[in-house]
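Trainee: Could you take me on a close tour of one sheet here, strand by strand, and then stop at a single residue in it?

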Amino acid sequence: QVQLVESGGGLVQAGGSLRLSCAASGRTFSSCAMAWFRQASGKEREFVAAISWSSGRTYYADSMTGRFTISRDNAKNTFYLRLNSLEPEDTAVYYCAAQHLSPMKPVPRSVREYTYWGQGTQVTVSS
């Protein structure tokens, strides 16, 4: 089992920045992929970014590249999502997720491939 707890959401003006945190605990997650998804009201949950815990390699949804940055702090068992140049369209509940990876398997990008989820944190961007 892996437990995930998000923090860092809030209300921000367009053009502003936020840093979301996801604290992980439980079983060893050195073989995990850690990811961020978001879900706007009335829309499906979508992939934002992922990071391999062991290698630190990062992956982004095409539309998120450049404004968002995923990172991790091994010592704190925490990974982050930095959101820059926020737009009202970025308003959503942001979820962190984790999944143990089999060797040679690529980092997943779909909701159904992740087993462990945080409770979500609301990000609201005002215009």
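Mentor: Sure, and one term before we start: two strands count as paired if DSSP finds at least two bridges between them. Keep in mind that this is a predicted model.

Let's begin in the middle of things, with β3, residues 18-26. On one flank, β3 is joined by six bridges to β8 (residues 78-83), and the two run antiparallel. You can pick out individual partners along that seam: L18 has L83 of β8 as its bridge partner, while L20 stands opposite L81 in β8. β3 also pairs with β1, residues 2-7, again in the antiparallel sense and over six bridges. Here, S7 sits opposite S21 in β3.

Now zoom out to the whole sheet. The sheet is open and has four strands in the order β1-β3-β8-β7, with antiparallel pairing. Its edges are β1 and β7 (68-73), each of which pairs on one side only. On average, neighbouring strands in this sheet are turned by 20° against each other, ignoring direction. As for what holds such an arrangement together, strands of a sheet pair through backbone hydrogen bonds, either parallel or antiparallel.

And the residue to stop at? Try Q3, which is found in strand β1. Q3 counts as partly exposed because its relative accessibility is 37%, and that class lies between the cut-offs of 20% for buried and 50% for exposed. Beyond its neighbours within four places in sequence, Q3 is in contact with A23, A24, S25 and G26. For a sense of distance, Q3 and A61 are 58 residues apart in sequence and 24 Å apart in space, C-alpha to C-alpha.

Conventions. Residues numbered from 1 in each chain as written. Predicted model: local features only at pLDDT ≥ 70, side-chain atom pairs only at ≥ 80, totals over all residues. Heavy atoms only, no water. Axes fitted to C-alpha atoms, helices over the stretch in contact; angles between N-to-C directions. Buried < 20%, exposed > 50% of the residue type's maximum accessible area, 1.4 Å probe, protein only. Contact = heavy atoms within 4.5 Å.
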